[in-house]
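Let's work through some exercises on charged side-chain pairs. Take a look at the sequence and the model, then follow each solution step by step.

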Amino acid sequence: MSFKRWSYWAAVLLLAAGVLFSAACVESGCFAPDATAIPQVKLLQVQGPAGQLRVEDGGEGGLPVIFVHGLGGDRQVWTDQVEHLRLTRRAVALDLRGHGESEPSKEGDYSMQAFASDVLAVADALAIPRFALVGHSERRDADPQGESMN
């Protein structure tokens with residue numbers, strides 16, 4: 001058999017093996033978390049500093065991730081991201097005061113520090129001492145009045 005013909009059949013066999021391996025992996029899920037294991041998700045009300053906060057909590061394992069929406073949004077902007085992360089870790093999304101299904105601030109306080117206190121209240125209520133925070137734009141200048149938390 002000539003080298004040209006041998007390399008052709010070797011390529012065909014490698015391609016066939018790759019197709020079979022890929023099909024087996026799709027069937028067994030060897031490249032991704034088990035998508036059939038849908039984590040339980042709890043929809044909760046948590047007492048925040050200014051009223052009740054709506055919180056969605058689910059998944060387990062790994063460092064928990066808390067998702068915070070941007071100005072005019074709510075926790076549902078993160079639906080795709082939290083569903084994906086919940087396959088491998090705990091993911092929490094909340095409605096900040098005055099957004100989504102959370103109560104408005106009784107004092108009318110919608111400062112960045114007030115929103116930060118909402119996040120910390122949720123973390124405390126859910127017994128999450130350490131977490132990664134993912135946030136969406138609040139459409140404000142960076143630290144316009146020195147409101148950053150230390």
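**Exercise 1.** Find the acidic partner of Arg75 with N and O atoms 2.7 Å apart, and place the pair in the chain.

*Solution.* Step 1: Arg75 forms a salt bridge with Asp95, with 2.7 Å between the closest N and O atoms. A salt bridge here is a side-chain nitrogen of Lys or Arg within 4 Å of a carboxyl oxygen of Asp or Glu.
Step 2: Arg75 sits in the loop between E3 and H2, and Asp95 in the loop between E4 and H3, 20 residues apart. Helices (H or I, at least four residues) and strands (E, at least two) are DSSP runs, numbered from the N terminus.
Step 3: Arg75 and Asp95 are buried, where buried means under 20% relative accessible area, exposed over 50% and partly exposed in between (1.4 Å probe, protein chains only).

The model is predicted: local features need pLDDT of at least 70, side-chain atom pairs count only at pLDDT 80 or more, and totals for chains, interfaces and linings use all residues. Residues are numbered from 1 along each chain as its sequence is written, and side-chain values use heavy atoms, leaving out hydrogens and water.

**Exercise 2.** Which residue does Glu101 pair with in a salt bridge?

*Solution.* Step 1: The partner is Arg54, at 2.9 Å between the closest N and O atoms.
Step 2: Glu101 lies in the loop between strand E4 (91-94) and helix H3 (112-125), and Arg54 in strand E2 (residues 51-58), 47 residues apart.
Step 3: Glu101 is partly exposed at 40% relative accessible area, whereas Arg54 is buried at 17%.

**Exercise 3.** How many salt bridges are there?

*Solution.* The count is seven.
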